[in-house]
Amino acid sequence: MLTPVLQNLLILQDRDLKRHALESQLKAVPDEVAQVERKIASEKAAIETARTELRDLEVRKKSLETEIGSTETKLAQYRTQQLSIRKNDEYQAMGHQIELTQAAIAEFEGKELEVMYAIDGAKARFAAAEAVLKANIAGHESRLATLRERDANLRAELTTAQAEVAAARTPVEPMRLRVYDRIAARNLPAVVSIHAGKCGGCHLKVSSEVESAARGKTVDPVAQLPTCDQCGRIVYWES
Ligand SMILES: [Zn+2]
């Protein structure tokens, strides 16, 4: 038969454990929210990367088109000039210039083609990145809604649990509360039973003095709370 002191401590401990569990669950929520938000951010970043790549390629294509245009204008001018050249060597020099300009145009056009292929690739990557976000966003959002709901529920449960802890502390004498609080701050559960001579907290063998005290044989259990010699938890005998 447990003493009223131990009964009260066990009730307090039970409520403290519940409060503790709620606190740990509540503490985990922001991490889970951050994890989902990181996932959304990385999917958005992938879209941005593809968008930037596409924009850069389109700028490059425009500038190549401009260069092709101005080089073609130059080519037309050279051809016109060539018509009025009478000296053979000057005519040939202009002919060479025309060839060089044509080669330059061909090179620009080759580069433009490469850029056009790259644009196709970038468009595909952009579409794929967008599809990934679109496919996942509903899941991400419902996960966030669930987490917000869990947070609110846990807070409400915690408020109740805290009130229950406060109520459970009332019947325990201040001296015993101090002892309990000191142990509970390090080790919860702070009050454990002895089974087969072993402490229910650290599972090490308790001394025969402690066991006798817990059985209420040597020390009045109302006056003093026996503690495990190994871990310092309050121990009681459960027959
Ligand atoms: Zn122990």
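Here is a chat about a predicted model of a protein chain.

Visitor: Hi! Where should I start: which domains does the protein chain have?
Guide: The domain assignment gives domain 1, residues 15–169, and domain 2, residues 174–237. Keep in mind that this is a predicted model.

Visitor: How many Å separate the centres of domain 1 and domain 2?
Guide: Taken over C-alpha atoms, the centres of domain 1 and domain 2 are 63 Å apart.

Visitor: And how many residues of each domain are in contact with the other?
Guide: Four residues of domain 1 are in contact with four residues of domain 2. On the domain 1 side, helix 1 gives the most, with three residues. By class, that side of domain 1 divides into one nonpolar residue, one polar and two charged.

Visitor: Helix 1, then. How many residues does helix 1 have, and how many Å does it reach?
Guide: Helix 1 has 80 residues. From its first C-alpha to its last it reaches 119 Å, close to the 118 Å expected at 1.5 Å a residue.

Visitor: What about helix 2: at what angle do the axes of helix 1 and helix 2 cross?
Guide: Roughly 165°, and the axes come within 5 Å. Helix 1 covers residues 4–83, while helix 2 covers 88–169. Angles over 145 degrees count as roughly antiparallel, so helix 1 is roughly antiparallel to helix 2.

Visitor: What classes of residue are in the contact of helix 1 with helix 2?
Guide: The contact has 39 nonpolar, 11 polar and 32 charged residues.

Visitor: Which residues of helix 1 are buried?
Guide: They are Leu6, Leu9, Leu12, Gln13, Asp16, Leu22, Ala50 and Leu57. These buried residues pack against helix 2, helix 3, strand 1 and strand 3, which is residues 234–237.

Visitor: And Ile11, where is that found?
Guide: Ile11 is in helix 1. With 17 other C-beta atoms within 10 Å, Ile11 is partly exposed. The C-alpha atoms of Ile11 and Ser70 are separated by 89 Å, and these two residues are 59 residues apart along the chain.

Visitor: Switching helices: what is His140 in contact with?
Guide: Leaving aside its neighbours within four places in sequence, His140 is in contact with Val36, Lys39 and Ile40. The place of His140 is in helix 2. His140 is partly exposed, with 15 other C-beta atoms within 10 Å.

Visitor: How many Å lie between His140 and Val172?
Guide: It's 47 Å in space, C-alpha to C-alpha, with the two residues 32 apart in sequence.

Visitor: Let's try the backbone. Which peptide bond is cis?
Guide: The bond from Leu188 to Pro189 is cis, with omega near 0°. Pro189 is in the loop between helix 3 (174–186) and strand 1 (191–195). For background, most peptide bonds are trans.

Visitor: What is phi of Ala196?
Guide: Near 50°, a positive value in a residue other than glycine. Most residues other than glycine have a negative phi. Ala196 lies in the loop between strand 1 and strand 2, residues 198–199.

Visitor: Is Ala196 buried or exposed?
Guide: Exposed, with 6 other C-beta atoms within 10 Å.

Visitor: And what is phi of His203?
Guide: Phi of His203 is near 65°, a positive value too in a residue other than glycine. His203 sits in the loop between strand 2 and helix 4, residues 208–215.

Visitor: Why does His203 count as exposed?
Guide: Because a residue with 12 or fewer other C-beta atoms within 10 Å counts as exposed, and His203 has 12.

Methods. Residues numbered from 1 in each chain as written. Predicted model: local features only at pLDDT ≥ 70, side-chain atom pairs only at ≥ 80, totals over all residues. Axes fitted to C-alpha atoms, helices over the stretch in contact; angles between N-to-C directions. Helix = DSSP H or I, 4+ residues; strand = E, 2+ residues; numbered from the N terminus. Parallel < 35°, antiparallel > 145°, perpendicular 65-115°, else oblique. Nonpolar A, V, L, I, M, F, W, Y, C, P; charged D, E, K, R; others polar. Buried ≥ 20, exposed ≤ 12 C-beta atoms within 10 Å, placed from the backbone. Domains from an automatic or database assignment. Contact = placed C-beta atoms within 7 Å. Expected span 1.5 Å × (residues − 1).
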